[in-house]
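Here is a short briefing on one protein structure. Look at the model, then read the points below by topic.

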Amino acid sequence: MNFKKKQYSYPEVLEKLMKYCAYQERSSFEAKSKAYDLGLRGSELEQLINQLQEEKFIDDERFAAAFVRGKIKIKRWGKYKISEGLYNKGIKGKLAEQALNGIDLDLYLENLTHWVKYKLDREVYIKAEMPKLYRFLQSKGYEGDLITKALQKEKLL
C-alpha cells in the first residue's frame, strides 16, 4: 500500500495555519512544523511564517509569556520544567529568559508549597524518605535551594 500525504497549495496551507494559530497561541516553530507536515517547503515555508508574523497570528514573545503563565497557574510547574517546555517549542535564549523573569515569585513559592502539602496529605514521610519527596519536587521543575527551604518550613528537614 502506498500512502501519500495530500499536498496542499500555499493558499490552502495559509488558511489552515491561520485557523491553527487562531485557535490557541502557537510558536513559530510549531507553525513551521505544521506547515511542513502539510507539504510546504523552502522559500514558501519562510514566506508563510513571515506573513503569519506580520498579520500577528504568531508572535514568539506573546507565545512564551502565555506558555509560562499557563504552566505556572494551571500545571504549577517550576522554572526548570517550564524552561525545558519552552525549548521544546522552539523558544530559546533571551526570549525564554525574559518570559521566565515575568514569573510572580509569590505565586511560584505558593505553588511549591502546594506540592509539598499535596504529597504530605497523601503519604507519611519519615526522614529516610525525604529524598523521594525531594525528587518529586525536582521532577516538577523546582530549584534545589527552594525545595530545601520549603521542606525546612514544613519542619521536614
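The largest nonpolar core has 28 residues, and V68, I82, L86 and L137 touch the most other members. A nonpolar core is a set of buried Ala, Val, Leu, Ile, Met, Phe, Trp, Tyr and Cys residues joined through side-chain atoms within 4.5 Å. Buried means under 20% relative accessible area, exposed means over 50%, and partly exposed lies in between (1.4 Å probe, protein chains only).

This is a predicted model: local features need pLDDT of at least 70, side-chain atom pairs count only at pLDDT 80 or more, and totals for chains, interfaces and linings use all residues. Residues are numbered from 1 along each chain as its sequence is written, and side-chain values use heavy atoms, with hydrogens and water left out.

**The cores**

- The elements that give two or more residues to the largest core are α4 (60-75), α5 (79-88), α6 (93-101), α7 (105-122), α8 (130-139) and α9 (144-153).
- Helices (H or I, at least four residues) and strands (E, at least two) are DSSP runs, numbered from the N terminus.
- Helix α4 gives the largest share of this core, five residues.
- Which residues does I82 touch, not counting residues up to four places away in sequence? They are F67, V68, K71, I72, W77, L100 and I103. Contact means heavy atoms within 4.5 Å.
- A second, separate core has 14 residues, including Y10, V13, C21 and L38.

**Helix α2**

- Helix α2 spans residues 28-37, and its residues S28, E30, A31 and A35 are buried.
- Seen down the axis of α2, the buried residues fall within an arc of 160°, so they line one face of the helix. The arc is that of the directions from the helix axis to the C-beta atoms.
- The cover over these buried residues includes α1 (10-23), α3 (42-54) and α4.
- A35 lies in α2. Its relative accessibility is 0%, so A35 counts as buried.
- A35 touches V13, L17, L40, L45 and L48, not counting residues up to four places away in sequence.
- A35 and I126 are 91 residues apart in sequence and 52 Å apart in space, C-alpha to C-alpha.
- G39, just after α2, takes a positive phi of about 105°.

**A buried lysine**

- K71 lies in helix α4.
- K71 is buried yet has no salt bridge. A salt bridge is a side-chain nitrogen of Lys or Arg within 4 Å of a carboxyl oxygen of Asp or Glu.
- How far away is the nearest side chain of opposite charge? That side chain is E30, at 9.4 Å from K71. Lys and Arg count as positive and Asp and Glu as negative; His and the chain ends are not counted.
- Leaving aside neighbours within four places in sequence, K71 is in contact with R76, W77 and I82.

**Aromatic pairs**

- The structure holds four aromatic pairs. Rings of Phe, Tyr and Trp (its six-membered ring) pair if their centres lie within 6.5 Å; planes under 30 degrees apart count as stacked, over 60 as edge-to-face and the rest as tilted.
- The ring centres of F63 and F67 are 5.8 Å apart and their planes are at 35°, so this pair is tilted.
- Both F63 and F67 lie in helix α4, four residues apart, about one turn of the helix.
- F63 is buried at 5% relative accessible area, and F67 is buried at 11%.
- The ring centres of W115 and Y118 are 5.4 Å apart and their planes are at 85°, so this pair is edge-to-face.
- W115 is buried, with a relative accessible area of 10%, whereas Y118 is partly exposed at 30%.
- Ring pairs link W115, Y118 and F136 into a cluster.
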